[in-house]
Amino acid sequence: MPELVAARASVVVCLATPEALDTVSDGALRVAPDELLVLGPPDSAEMTALDVSRRISGADADAVVLDVSDGWATWTLDGDGARDAFGYLSELDLPEEGFVQGDVAHVPVKVVARPGGLHLLVPAVWGAYLHERILARCPSVTEREEPEDWSP
Amino acid sequence: MGRSVGSIDFEGRRVPFEDGDTVASALYRAGVRTFTRSVKHHRRRGLYCLTGDCPNCLVTVDEEPGVRSCCAPATDGMKVEREGGRPSTERDLLSVTDRVHWLLPVGFYHKAFVRPRLAWQMAERVIRWATGLGKLPVDRAPELGTARHLHTDVLVVGGGVAGLSAAIAAAERGETVALCDEGVIGDKVAPGPTLDAIRSLQEGMPGTVTILERHAAVGVYEGPLVPLVGDGALVQVHPGRIVVATGAAERHAVFRGNDLPRVFLGRGAARLAGVHGVKPGNRAVVVAETAEAIEHLRTLRYAGVDVVAVVASDGGVAVPEGTRVHRGAVVVAAGGRKCLTAVALDSGERIPCDALVLSMGLSPRDGLLRMAHDLPVVGAGDVIAPGCTLEEAIESGRRAGRGGTPNGRDVEPAPIGSSGYVCLCEDVSVGDLQRAWAEGWRSSEILKRYTTATMGPCQGAMCGRHLARFVSERSGPTPDGTLTTARPPARPVRLEDLAAGVDEVIEKRTALHDRHLALGAKLDWSGSWKRPFNYGDAEDEYVAVRERVSLMDVSTLGKFLVAGRDARSLVDQVFPCRIEDLAPGRSRYMLALDEAGYVMDDGLVCALEGGRYYVTSTSGGADTMEAWLRNWADRWDLHVHLVNQTPMLGAILVAGPRSRQLLSSLSGDALDGDTFPYMSHREIVVAGVPSRALRVGFVGELGFELHHPRSRSVELWDALMGAGADLGIRPHGLDALEVLRMEKGHIYLAQDTLPDDHPGKLGLDWAVAMDKPYFIGRVALERMREIPLERKLVGLMFERDASLRGVPLHVGNRIVGRVTSYGSSRVLGRAIGLGWIRAIDGVFPTELRAGEVRATVTPTPFYDPEGAKLRA
């Protein structure tokens, strides 16, 4: 049974030239040629931002690195049938493992697929909407009340 | 007799059904022979194909019209009604139209009720009533089912021998496979070698194959995308490639009386007898032109049907011994009043019988194949090689499953007699086609449109090839005689099934949503946001702003960080306000203009340290503003980084004469007017929450917008409400804001403006620095400055209170404008508004009338025109 749980995560955005971003893209979500998001456990944003700033400053002095954790609502959909449940929300073709982004229940969402489950990042203004949609649209999805810390 | 497992309510009569019964088989077993009436001539129509291909068995099931009863499983308590006929299907007074065909000639719709124009409007209702095509349940909400997407390497459409073989072959290659069938696999096939092969293939089906029974493929679209409609479910399949194995329907036969009840296509009669154990008749004549006709013959006999004669061509299929065979004969007519009672052969012989079973060839169900242009779609089995043997079907399926293209064969043209019904759905006879041809309609597509042949529920499945044959026989091998274009839906589909999954109301919420609800807020839509309209007492909310202190959740405003070495260049060129002298810490009102100089949006530009800017826009304009800035940065190849901070930042407006007092109680930062003047911004900490505070004045009072991390909105709101209790704090909503901003003459974009308003029409020339060398819209404004204003937005004062928003403004009897905003100003003791007016002979009127109320053009702002309060 797929289970939905809110995930506490930190999100850092880095905007820089595509060439500069190539140097810091390990493990990050490249959401645009000049933009990447770095996800981590809660309270890690400051350290992450410092680390990314340090690594990218040499490649692009104008790079912008910001803690944007407040801008995202993060959900984890775990368990057997999580991918089938996702099919009730979106036509995105999920990789076995990796990142895709696009329309999920008609709002823009970043999806991190991994064996056994998915992370969904949605702009915070749609967090409540997506939460309601998942529970209303996807048969058999249950919810775990207690949020958990994000882990890759 | 089998065992009854339930009953259906058929027009008030209880009809039992057996395990595996469809609605059609249960009704036929109960003696129902007339299932519907034809649309034009009201002829009796009974079961014919029993494969879901013809329109003869459409009934209303549980208030849903147009259900194919041969495909609908019978369920206990189901309510079934027939559709055609007035007053009833069994006793139809309108059947008189069958004797006066001249009243309804071919092309009727193009010839009758053309003039006077009202005639058609009146006739249409009568015609719709007379056709008797079921009744839509308009008094209930649609039952929207689930919708889902399915990605697979291979989609196989059709669970027959070829389809199953294709699915197995593809799965054996390691591909992900989904197989759909509109029924239950094998449920339409009578016991025999074909069903044995299907069961054997099912047993060998790998468990990895996704089987979707009772899911009909509606069409093939680009992508490719194949929507499957099941019982209350829409599955949108995104396959890498598609194998169409939809088989073939038995060929519709055209001769006089071909539409009488108890005339069956071969597979239909065999299904009735072999699958459901219901004899189609006691004495049957079988027309055997296909190899499978012999299988049908055996099935009928096994069920106890006396096959009194077989009609077969010379050198045709071998008929079992002991059967009376009419070699070389042709059935030219079926006779009977309510049902078939005899058939006539071309030899003149008349054979009494109560069932005619026609197995005269196969017509491929190739609609899906024909609508799939330039897509990875192949056919397999009967759909490309009608009449192929079991071995050929298996091989064809395997080849398609492995990614190959199976061999097809030409489809024999459908023979067409000199009379009889070609199109059963629309009651189009051979004579109708001949008359249309004589009138000059001479291609398949044109004949289709003129006669409506192929345009009924079966979408040409029965008659499409007959129509093409009719034309090609007369025009020769030209494109005129080809099949008409195949389009979705390939199978009948309910609109509510297609609409499954689109019931979302996409709602943006601020972090304070629950706080507003707890305070009793009445929420209203504001663009895609849900915002407080009021908290129960809009008047006191207004008073709180003007006399005490008030909060408003303005998190919905668009909020953007513009950074990068070309940030200033972008902001300076996009917006018409002066940027050059905007020092860090200062803000400026901003209009966003398009290339034509028309106002798109407004907001603030705040200069930050390090050449960065913080830009705010209206709540509804945030998405457009982001796209607008990104577009121009790209077009001008500027080195700019844009961060849309709308989702991550909350914003609370603290407004009112006591707002500074409130903030001072929660912040150690300097907030006095000298240190922190109007139209400036500072980073301050309020109740421990770091905020960018903006001195603004949309409501016309001393005000601070606190832009802060969204996650801390609740904490900040609670602290402000708590500390403000002694100051008479009260939050205000959009209701109070409407008058507050109007008193200041501030506009609501879209409500007070029109799409072609430039700043001059709105009295906003002061917000445009025409001495800048360039900004978007400058060239247009330069040109428009030379044209006298014909229309402008003005402030209005009304002599008395009335509801006047949207009311036209008159001078004498002439309409010269319209009221766009209206409200009763408590502080002015007058009704005020905004509205646009036109110049009369180059002069703008000052005295007007809105309905019966006098209106006087008044300069804005109405309240605090010197701005002393907001600059305090």
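Here are three short exercises, each with a worked solution, on a predicted model with chains A and B.

**Exercise 1. Work out whether chain A is compact or spread out for its 152 residues.**

Solution, step by step:

- Begin with the secondary structure: chain A holds four helices and 10 strands. Along the sequence they come in the pattern β-β-α-β-β-α-β-β-α-β-β-β-α-β.
- Now compare the radius of gyration with the rule. It is 16 Å for chain A, close to the 15 Å that the globule rule gives for 152 residues, so chain A is as compact as a globular protein of that length.
- Add the dimensions: the C-alpha trace spans about 50 × 30 × 25 Å along its principal axes.
- Finish with the interior. In chain A, 45% of the 152 residues count as buried. Of its contacts between residues at least 6 apart in sequence, 64% join residues at least 24 apart.

**Exercise 2. Put chain B, with its 872 residues, through the comparison with the globule rule.**

Solution, step by step:

- Take the elements to start: chain B contains 21 helices and 44 strands.
- Next, set its radius of gyration of 38 Å against the 29 Å from the globule rule for 872 residues; the value is well over the rule, so chain B is more spread out than a compact globule.
- Look at the box as well: the C-alpha atoms of chain B fill roughly 115 × 65 × 55 Å, taken along the principal axes.
- Then check burial and contacts. Of the residues in chain B, 49% count as buried, and 67% of the contacts between residues at least 6 apart in sequence join residues at least 24 apart.

**Exercise 3. Find which strands stand at the edges of the five-stranded open sheet in chain B, and what packs on this sheet.**

Solution, step by step:

- Write down the strand order, which is S15-S22-S16-S17-S18 (chain B), with parallel pairing.
- Read off the two ends. Strand S15 (263-265) and strand S18 (325-327) of chain B each have a single partner strand, so one side of each is left without a neighbour in the sheet.
- Consider the twist: neighbouring strands of this sheet are turned by 20° against each other on average, direction ignored.
- Zoom in on one edge. S15(B) pairs with strand S22 (residues 355-359) of chain B in the parallel sense, over three bridges. Here Leu265(B) stands opposite Leu358(B) in S22(B).
- Last, place the helix. Helix H7 (residues 292-302) of chain B packs on the sheet and touches strand S16 (283-288), strand S17 (306-312) and S22 of chain B. The direction of H7 makes about 170° with that of S16(B).

Methods:
Residues are numbered from 1 along each chain as its sequence is written. Chains are lettered from A and ligands numbered from 1 in the order in which they are written. This is a predicted model: local features need pLDDT of at least 70, side-chain atom pairs count only at pLDDT 80 or more; totals for chains, interfaces and linings use all residues. Helices (H or I, at least four residues) and strands (E, at least two) are DSSP runs, numbered from the N terminus. The radius of gyration is taken over C-alpha atoms; the globule rule is 2.2 Å times the number of residues to the power 0.38. A residue is buried if 20 or more other C-beta atoms lie within 10 Å of its own, exposed if 12 or fewer, and partly exposed in between; C-beta atoms are placed from the backbone. Two residues are in contact if their C-beta atoms, placed from the backbone, lie within 7 Å. Two strands pair if DSSP finds at least two bridges between them. Axes are lines fitted to C-alpha atoms, for helices over the stretch in contact, and angles run from 0 to 180 degrees between N-to-C directions.
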